[in-house]
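Got the viewer open? Here is a short walk through the model, one selection at a time.

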Amino acid sequence: MKILRTRLEVSNAMRLERSKNKTIGLVPTMGALHNGHLRIIEKSKLYSDITVATIYVNPTQFNNSSDLDNYPRPWQTDLRLLEVSGVDYVFLPTDGEMYPQKVELKFDFGHLETILEGKFRPGHFNGVGIIVSKLFNIIQPDHSYFGQKDLQQLAVIRRLVKDLSYNIELIKVPTIREQSGLAMSSRNVRLNEEERRTASILYTCLTYAKDELLKGQDWLVVKEKVTAIFMKEPLSNLEYFELVKSDTLEMTSDLQVEGLAICTAAYIGDVRLIDNMIIN
Ligand SMILES: Nc1ncnc2c1ncn2[C@@H]1O[C@H](COP(=O)(O)OP(=O)(O)OP(=O)(O)O)[C@@H](O)[C@H]1O
Ligand SMILES: CC(C)(CO)[C@@H](O)C(=O)[O-]
Ligand code: BAL
């Protein structure tokens, strides 16, 4: 595994691989790697000839400075995990390398900016759009891999690829969970034991709601019951629990729509977690 720290090192390495007719798979991450990331890398290794993982905690996508300060950064462990998982290259840039100057560019992702994560994390998707475009431009991958856990992020990036005519195939990897159902997430390391037990409430409510909807229960009734479950749990604070179209993320309450998902975000203690579940 080669560690690349500058844009120049990346473009030289990628030029070499392309001259050998290798396809390039990009796995963007913010580090603090877990089995969700490792599953994405496995998928890339199966489908792309060369796998490039990136580790960069992108400041422009954080709408909350204490979230940025507290984001875990166990780089040495991450590098060991990447080495063992057989990644070919890891790009580990500094802030100066990614942002040699302040970016004032603004994306407009339409309704995706005003609902769910877009609504609760103002500016977040603009920052994601900026960093993902930069990574696409620097690495120029054939394929890029993203987790289903960040379903709205995937919809944003799908739009970015279309709107900016990137010739990149996006590949979605299903959510990997702990035994309790809790979706693996780098922020889980900030949960204490009691919070970690409580955090499975997201998965429990998603599966409960899915079962109820599949039995034909009305969405608004289900949502009210789930809200009541969260209200009874003092360590939790529900931000949203919404039924959406899984490709565009538009909100709906129409169970006849094909391709539905439920998306949720909640604080457990002071850690904000997100999750989602495909319904049909
Ligand atoms: N449990 C998971 N299963 C599958 N993919 C995941 C999972 N968790 C994260 N990913 C994906 O890994 C990629 C990198 O995500 P990131 O480094 O932000 O990790 P994270 O666990 O989502 O961290 P956090 O949610 O705390 O920011 C993204 O495409 C994300 O969707
Ligand atoms: C795609 C990403 C690496 C961009 O910083 C981040 O949003 C993430 O880890 O999901
Ligand atoms: N995994 C999503 C990145 C973020 O929460 O900022």
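Start with ligand 2 and select what surrounds it: Pro28, Thr29, Met30, Asn58, Gln61, Val128, Ile131, Val132, Asp150 and Gln153. A residue counts as near a molecule here if its C-beta atom, placed from the backbone, lies within 6 Å of it. Before you go further, note that this is a predicted model: local features need pLDDT of at least 70, side-chain atom pairs count only at pLDDT 80 or more, and totals for chains, interfaces and linings use all residues. Residues are numbered from 1 along each chain as its sequence is written, while chains are lettered from A and ligands numbered from 1 in the order in which they are written.

Which helix gives the most to the shell around ligand 2? That's H7, with 3 residues. Strand S2 (24-29) and H7 each put in at least two. (Helices, H or I with at least four residues, and strands, E with at least two, are DSSP runs numbered from the N terminus.) By class, the ligand 2 shell splits into 5 nonpolar, 4 polar and 1 charged residues. For these classes, Ala, Val, Leu, Ile, Met, Phe, Trp, Tyr, Cys and Pro are nonpolar, Asp, Glu, Lys and Arg are charged, and the others, Gly among them, are polar.

Keep H7 (residues 124-139) on screen and add helix H8 (residues 151-163): their axes come within 10 Å and cross at roughly 55°. That angle makes H7 oblique to H8. Axes are lines fitted to C-alpha atoms, for helices over the stretch in contact, with angles from 0 to 180 degrees between N-to-C directions; under 35 degrees is roughly parallel, over 145 roughly antiparallel, 65 to 115 roughly perpendicular and the rest oblique. The crossing is right-handed, meaning that the near helix is turned clockwise from the far one by less than a right angle.

Now color the contact itself: Phe125, Val128, Gly129, Val132 and Ser133 on H7, with Gln153, Val156, Ile157 and Leu160 on H8. Two residues are in contact if their C-beta atoms, placed from the backbone, lie within 7 Å. This set divides into 6 nonpolar, 3 polar and no charged residues.

Next, jump to ligand 1, which has 18 residues around it, the closest being Gly36, Gly147, Met184, Ser186 and Arg187. Helix H2 (35-47) and strand S5 (143-147) each supply at least two residues of that shell, and H2 has the largest share, with 4 residues. The class tally around ligand 1 is 7 nonpolar, 7 polar and 4 charged.

For another helix pair, select H10 (residues 201-214) and H11 (residues 219-231), whose axes come within 10 Å and cross at roughly 155°. H10 and H11 are therefore roughly antiparallel to each other, and H10 passes H11 in a right-handed crossing. Ile201, Cys205, Ala209, Glu212 and Leu213 in H10 meet Trp219, Val222, Val226, Ile229 and Phe230 in H11. That contact has 9 nonpolar, no polar and 1 charged residues.

Finally, zoom out and color by domain: the assignment, automatic or from a database, gives domain 1 (2-173) and domain 2 (186-275). Their C-alpha centres lie 26 Å apart, and 15 residues of domain 1 are in contact with 17 residues of domain 2.
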